[in-house]
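Student: I've got a model open and want to talk through how its pieces fit together. Could you walk me through it, sheets and helices both?

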Amino acid sequence: MDTRLTSPRTCLLLVLTLLAIPAIPSRSVAERPDRIVLSRGEDAATTMAVAWRGGGSGVQIAPALPGPDLKDGAISVEAESEDIETDSGTWEYHSAVFTDLKPETTYAYRVGSGIHWSPWTHFTTAAAGAKPFSFIYLGDLQNGVRSHCRRVVHAAYREAPDAAFMLQAGDLVNRGNEDDHWDGWFESCGWLVHGLPLVPVLGNHETHVVTVNDKKHYNQTPPLWKGLFALPDNGPEGLEDTAYWFDYQGVRFVVLNSNHERDKQAAWLDDVLAGRGDKWSIVSMHHPVYPSAVKRGTGKGRVRDAFQPVFDRRGVDLVLQGHDHSYMRTGLMRHDPEIDEHHVATESDTGTVYVNSVVGSKQYDVATAPFKRRTGQNLQLYQVIHIDGDALHYRAYTADGNVYDEFKLEKQRDGTNRLIEQRHGIGENLQPGN
Ligand SMILES: [Fe+2]
């Protein structure tokens with residue numbers, strides 16, 4: 001036995017060394033602001049919102065400067081605070097809305113308190129009218145959110161570093177009422193959404209599961225969702241946190257909660273789109289109008305029947321969805337209750353393009369059909385969409401950076417779109433025999 005480690009001299013040295021090390025203070029995560037998420041306001045040219053957890057309710061905003069003296073020109077903004085109970089304890093969440101901002105202006109902001117401020121972080125407001133821009137669209141992260149999603153989020157940001165925001169079409173996490181799952185989401189996305197506004201869509205996996213008479217109901221918006229995101233408060237009554245809209249440089253974006261109360265939202269959507277003027281309109285919701293997973297069947301039903309007639313009537317250009325853990329993009333489609341897998345898209349079609357996509361590691365077999373112009377499975381994808389005047393340019397990329405799908409929409413004088421598809425060398429990633 002080596003006695004050198006236990007000699008009196010060694011023990012004395014060890015004790016002295018330990019005494020010299022300052023004690024590690026017990027620290028609650030809430031001491032410092034974390035989970036900081038930006039969101040666009042209804043008018044993206046003049047407003048911005050932020051939500052965060054812990055760290056105090058202070059908020060400061062200043063014009064961006066070339067040097068470090070940001071606090072000299074900073075003004076304070078009032079925040080709202082709320083205690084939210086989660087499975088990991090009760091946490092204080094805060095939110096604030098920046099208003100009366102100047103269009104096309106970069107600001108620095110920070111949240112927290114005089115003791116622990118977040119880093120100063122920049123955001124830029126939208127132009128007051130139509131102007132070219134890009135945004136990122138992602139399908140479900142949900143599974144492998146810690147292990148497999150960060151590389152995709154990174155790749156999307158590298159592809160579009162000037163993106164106006166990142167839209168995530170629901171099922172951001174697997175269990176939305178479990179705090180640890182959100183920790184995983186912040187490991188993948190937290191570094192980015194501090195400065196790049198997030199447009200979150202409520203999926204079925206974010207909702208509370210309530211069991212009544214042994215039947216599961218996925219209809220409850222968890223309190224955590226309301227704490228995590230400061231979203232435009234312009235949805236239909238009772239759905240203000242999960243259905244909302246905002247305008248960005250000539251495009252009206254509408255987010256729906258496809259989990260429930262669809263008829264109520266359809267009436268609201270009709271009004272929101274009627275007032276959009278000549279803007280493009282893009283809708284996002286979690287459940288797809290046209291399912292792409294084999295296991296979902298043809299999906300005739302409630303989501304399609306509730307919303308698609310409104311999309312047709314109001315000329316929605318593009319619908320961005322998730323839920324089916326595979327990739328699918330249609331031609332120009334209009335509502336047809338009898339549509340089946342034999343329907344063929346033609347060049348003279350008018351209507352809306354529908355996309356389902358996925359980021360996370362859970363993958364379903366994809367169901368092909370002639371009207372599904374591009375499909376794929378066992379793929380992690382990100383999408384970048386660019387709008388410039390009368391043209392919308394869409395690209396879907398695989399996680400390793402190859403273009404998997406690409407098309408353009410050109411707006412015609414009568415308001416309908418012409419679809420121009422781009423074929424690439426990369427083949428469709430399908431199950432053998434499909
Ligand atoms: Fe889902």
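Student: How many bridges pair β1 with strand β2?

Tutor: This is a predicted model, where local features need pLDDT of at least 70, side-chain atom pairs count only at pLDDT 80 or more, and totals for chains, interfaces and linings use all residues. Residues are numbered from 1 along each chain as its sequence is written. Strands here are DSSP runs (E, at least two residues), helices are runs of H or I with at least four, and both are numbered from the N terminus; two strands pair if DSSP finds at least two bridges between them. β1 and β2 (residues 48–53) run in the antiparallel sense, and their bridges number 5.

Student: Which residue in β2 is the bridge partner of S39?

Tutor: Look in β2, which is residues 48–53. The bridge partner of S39 there is A49.

Student: Which strands stand at the edges of that sheet?

Tutor: It's an open sheet of 4 strands with antiparallel pairing, in the order β1-β2-β6-β5. Two of them each have a single partner strand, so one side of each is left without a neighbour in the sheet. Those edge strands are β1 (34–40) and β5 (80–86).

Student: What is the strand order of the sheet with 7 strands?

Tutor: That one is open too, and its pairing is mixed. β11 (198–200) and β24 (417–422) are at the edges with a single partner strand each, so each has one side without a neighbour in the sheet. The order is β11-β10-β9-β21-β22-β23-β24.

Student: Which residue in β22 stands opposite D388?

Tutor: β21 (residues 381–388) and β22 (residues 391–398) pair in the antiparallel sense over 8 bridges. Opposite D388 in β22 you'll find A391.

Student: Which strands does α2 touch when it packs on the sheet?

Tutor: Contact here is judged by C-beta atoms, placed from the backbone, lying within 7 Å. The direction of α2 makes about 25° with that of β21. The strands α2 touches are β9 (133–138), β21 and β22.

Student: Are α2 and α3 roughly parallel or roughly antiparallel?

Tutor: Axes are lines fitted to C-alpha atoms, for helices over the stretch in contact, and angles run from 0 to 180 degrees between N-to-C directions. Helix α2 (residues 150–159) and helix α3 (residues 179–193) pack at about 25°, with axes 8 Å apart. Angles under 35 degrees count as roughly parallel, over 145 as roughly antiparallel, 65 to 115 as roughly perpendicular and the rest as oblique. So α2 and α3 are roughly parallel.

Student: Which residues of α3 meet α2?

Tutor: On the α2 side, the residues are R150, V153 and Y157. Their counterparts in α3 are E187, S188, C189 and L192.

Student: How far apart are the axes of α5 and α6?

Tutor: Helix α5 (residues 262–274) and helix α6 (residues 302–314) meet at an angle of about 10°, and are therefore roughly parallel to each other. Their axes are 10 Å apart.

Student: Which residues of α6 make the contact with α5?

Tutor: From α5 come R262, D263, A266, L269, D270, L273 and A274. From α6 come R302, V303, A306, F307, V310 and R314.

Student: Is R110 buried or exposed?

Tutor: R110 is in strand β7 (residues 106–112). A residue is buried if 20 or more other C-beta atoms lie within 10 Å of its own, exposed if 12 or fewer, and partly exposed in between. With 20 other C-beta atoms within 10 Å, R110 is therefore buried.

Student: Which residues is R110 in contact with, leaving aside its neighbours within four places in sequence?

Tutor: K71 is 39 residues apart from R110 along the chain, and their C-alpha atoms are separated by 9.8 Å. The contacts of R110 are Q60, W117, S118, P119, W120 and T121.

Student: What is the phi of Q142?

Tutor: Q142 is in the loop between β9 and α2. Q142 is buried, because 28 other C-beta atoms lie within 10 Å. Although not a glycine, Q142 has a positive phi of about 45°.

Student: And where is D171 found?

Tutor: D171 isn't a glycine, yet has a positive phi of about 50°. D171 counts as buried because of its 27 C-beta neighbours inside 10 Å. D171 is found in the loop between β10 (166–168) and α3.

Terms used
Contact = placed C-beta atoms within 7 Å.
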